[in-house]
Every structure is written in structure tokens, then in C-alpha cells.
Amino acid sequence: MEDVDVAIVGGGPAGSSAARAAADHDADAVVLEKGVPRADRERLGPDSTDAAGLLDYWLDIMEFDPGEFPDDVVLSELEGAKFYGPDSELALTETGIDATYDGFGFTFHRARFDDWLRERALEAGAEYRTGVSVTGVETDLTSSPRHTVTLAKGEDIRADAVVLADGPQRTVTSGTLDQFLPEDRSMSEILPSTSANHIAYQEHRRMPEELFDPEFIEFWWGIMPGHTAYPWIFPNDPPVARIGLTMPIGLDIDNYDVAEWDLLRPEDEGIPRGSEYVERLLERQFPEYDLTDFPLVEDRGKSKGTETYPISSTRPIESPCRAGIAVTGGAMGGTSAFHEGGDHVAVRTGKIAGQLAAQGRLERYNEEWHAAIGDEVLRNVTFADIVRDWGPSDWDRAFTTANDLMDARGIKADAALKGGYYGLKMVLTYKWNKFGYRNGRYVQLRESDYTI
């Protein structure tokens, strides 16, 4: 049986960041990553799939200097974002949040980003093992070390602290946390993977040069059904773009009026597959072009230019810190289907967990992650609640009103007057919902819910 100070389950942004922070504070840290093959990576690594864009203030959340990023990680420097309703449009050139980065943000190569974080962890002295599947974590608070990490193959590992960074599917996290929940509760009921997550799909396609816009990310709302369901186009290196979508898992087409949604068809017997949605988006936006004008770039992405991955669509959970366990990133529900991804949240929570675990102060983890990312989580949870039952006309009305309510930096002081009744309602609804989630009430599983 091998003993380490900190065992980290999962080698994505949260896991690698935790490992580096722990090693920087003189802990013996090991990352256990099952590893998946990718067309754009030569070695095994984490399932590095998301839309991979960073906004200006996200870098501050991550505590990164923009100059730290290797040139081959950054793909396109962004000037702004465009949001489209079925018959409306809104463009923003500033996030409206103070940031040290001088720009709107940038898109980046997610697999290279993960590999860079991995190398930083290795340089700090952490160990990163791939091809290692964790089957469970058993905790005995009377023993030292407290945790036994069981592996599918090879020698099990004992650790003083465990950082769970296995992503929104929570393959290991769910079973690990079950041992600290009352008998009548389980993680499979609190956060079932089939309903607590969105599914995302994207394709790497080469665009006609006259259509490729390297300066804006684009999102379409109200043209496909489902809570926070939307397609997007993200610029990569010219003229390749990632074209994809996110939507809840398990939608039933019978619950929607097909005629209301631009990307549905009368002949649809079920919700379209991701690839069909992408083709319909291209046909809708660029009717004068043929699909052959947007060929797949098959040496990109996870497999033949495509990738499918889960995104957490939940409010976050707190960790059983007194048991020496921290849940980070997507596993804690810290990513968001509303803003597409959450690498910034994963990195920051990983850093906090790794440092505190190394210092023997993991009981402070919940308090510190709330202080670090609470504002970000609060915004996303509030907005997601507001749009939960919106249809196409709601999105059009929102974007039309928002053009009156907002300047480049956000809501204007005289927004209610300029937006009329609907503008006033939008502002007040946002503020009221946000108030309701104050003081950390945006979490759905509190530390006090654990039986420790």
C-alpha cells in the first residue's frame, strides 16, 4: 500500500491545479487520471473538451497573468461577443467587470491548455499518472492516513487528503460522498448524471474566409428547445471554428411546439442529434452556402473533428472538508451550462484545495472557495433561473430590451426608464433572485448536510 499526502482524482484543470498548489507547499501529491486518447494530443490525458474561451476577468479568478499562456495555447484574441435571438441581436465589447487583462478575452486550445497545466504540476514536483482508473475512495476518520483510494489495477493508495476533480459526471465523487450522507439520501438522487448535466457537442470546421470572424464569439438563443440550450460559433486559428451546442440531457420533443423553434422540423420524431443541429444552424445562418463549404477538420478535437462532453447544469455543492475531502471544478457543479464551461472556476477551486490540503487546513475549503468564486457562481445561478422557462419570443424581447438597458459595460443607471415596464421587470427580477441566493444560498448541498 502506497502512502501520499494528497491524492487527486482527475487530471483536468482542477486536478492539475490542485497538484501544483499542493506540491508548491511541500506536499507529496499524486494525480490519478484514467486518460483518454484524442486526435489532437500525442499522449493520454484528461477528457479535454469544452468550448474553450476565457473572458477578461476569468483570468483574475484563475489568478493567471495573461503573459503566462504559451503562444500555442491561445487561438484568437476576442473583441467581444454577439448574442442572437430568433429575430434580434445584441453585441457586447466589454464584460462590464473590472479585469487586469486588456481585452475582452480569447479562445484557446483546451487540450494544450490541460497539457500545460499538467507540465506545471510536474515541474512543481507533483506526480501525474495516466491510465489509472479509480474505483472508489473509502474513509476511516480514526485511522492515519484517513483515506484509501482503490484502483482498478495496481496497488491502492492511502492519503491524508483527497481532492475530487473527476468532472461533472462525478464517477468517483458520487460514491465517495455517499459515505457521508444520511442513509435516506444519496448523490445519485441529489445529482443524477442524467438530469444534473447538459450534454454538449461541437465540430471543428473550416469556414469560408469571408465568413470567419476571429474577433467575436457568437451564441444563438431561442432557436432550439431546452433550458439554457443554445448553439455557438467560436473562432479558432483562422479560418477554423468550433461550431457546437449545449442542451439538457433527455429532452422529449413532445413537450415542445416544433413550429416555435427554428432548428426543429415538422418531421422530427425526437430531439435532433448534435451533428444535425450543427448542420441546421449552418443552413439557417448561411443559406447561400452549401454544407460542403464548411468541411470537418478531422485532425482536431477528440475524434475526427468532433467531440461530445458533459457540462454541469446544477448549483454547486459544498465538500465534507472535516473528513479531509474537497470536491472541485465540474465535480462540485462549479461549471455552468449558462456561460458554457468553467475552466476558470476549476483552476481556482483546484488551487485552493491543493494548497489547503498541503497545509493541513482543508476544513477552510468551503469558506475560501465561496470567497473566491461566489460572485461568479451567484451571477450564473441567478441568470439561469430567470431564463428557465423562456421561449423564442422571450429571448427576442430580452435582447431588444437589453439594447436599451445596456451599454458596453453593462446595465445603465437609467435602465428602468429606457426599458419601460419589461426593462424594469428584468432588472428587478435579476436583483430579487440574486438577493435570494445571498450568503452562499446558491449551493444545493451544504457541509452541514454531511454526517461527520
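User: What volume does the second largest pocket have?
Analyst: In this predicted model, the second largest pocket has a volume of about 780 Å³ (the space filled by probe spheres set on grid points joined across faces, edges and corners). A pocket here is an open set of points on a 1 Å grid over the protein atoms alone, with protein on both sides within 12 Å along at least five of seven lines.

User: Which residues lie nearest its centre?
Analyst: Asp 47, Ala 165, Asp 166, Gly 167 and Pro 168 do, out of 39 lining residues (an atom within 4 Å of a point).

User: Which elements supply at least two residues of that lining?
Analyst: α1, β2 (29–33), β18 (306–312) and α7 each do. The largest share, 5 residues, comes from β18. Helices (H or I, at least four residues) and strands (E, at least two) are DSSP runs, numbered from the N terminus.

User: And by class, how does the lining of this second largest pocket divide?
Analyst: The lining has 15 nonpolar, 16 polar and 8 charged residues. Ala, Val, Leu, Ile, Met, Phe, Trp, Tyr, Cys and Pro count as nonpolar, Asp, Glu, Lys and Arg as charged, and the others, including Gly, as polar.

User: How many cavities of 30 Å³ or more are there?
Analyst: The structure holds 1 cavity of 30 Å³ or more (points where a 1.4 Å probe fits but cannot get out). About 90 Å³ of space lies in the largest cavity. Its lining has 15 residues, and His 109, Arg 110, His 204, Arg 242 and Glu 307 are the closest to its centre. Helix α3 (110–124) and strand β14 (197–206) give two or more residues each to that lining. By class, the lining of the largest cavity has 4 nonpolar, 5 polar and 6 charged residues.

User: Back to α1 and α7. At what angle do they pack?
Analyst: Helix α1 (residues 13–24) and helix α7 (residues 343–359) pack at about 30°, with their axes 7 Å apart. Axes are lines fitted to C-alpha atoms over the stretch in contact, and angles run from 0 to 180 degrees between N-to-C directions.

User: Which residues make the contact?
Analyst: Among them are Pro 13, Ala 14 and Ser 17 of α1, and Asp 343, Ala 346 and Val 347 of α7 (contact means heavy atoms within 4.5 Å). The contact of α1 with α7 has 8 nonpolar, 4 polar and 2 charged residues.

User: What comes after α1 that has a positive phi?
Analyst: Asp 26, in the loop between α1 and β2. Its phi is near 70°, and Asp 26 is not a glycine. Most residues other than glycine have a negative phi, and most peptide bonds are trans.

User: Which peptide bonds are cis here?
Analyst: The bond from Ser 144 to Pro 145 is cis, with omega near -5°, and so is the bond from Pro 238 to Pro 239, with omega near -5°. Pro 145 lies in the loop between β11 (134–139) and β12 (147–151). Pro 239 is in the loop between β16 (230–235) and β17 (240–248).

User: How many helices and strands does the chain have?
Analyst: The chain has 10 helices and 21 strands.

User: What about the numbering and the confidence limits?
Analyst: Residues are numbered from 1 along each chain as its sequence is written, and side-chain values use heavy atoms, leaving out hydrogens and water. Local features need pLDDT of at least 70 and side-chain atom pairs count only at pLDDT 80 or more, while totals for chains, interfaces and linings use all residues.
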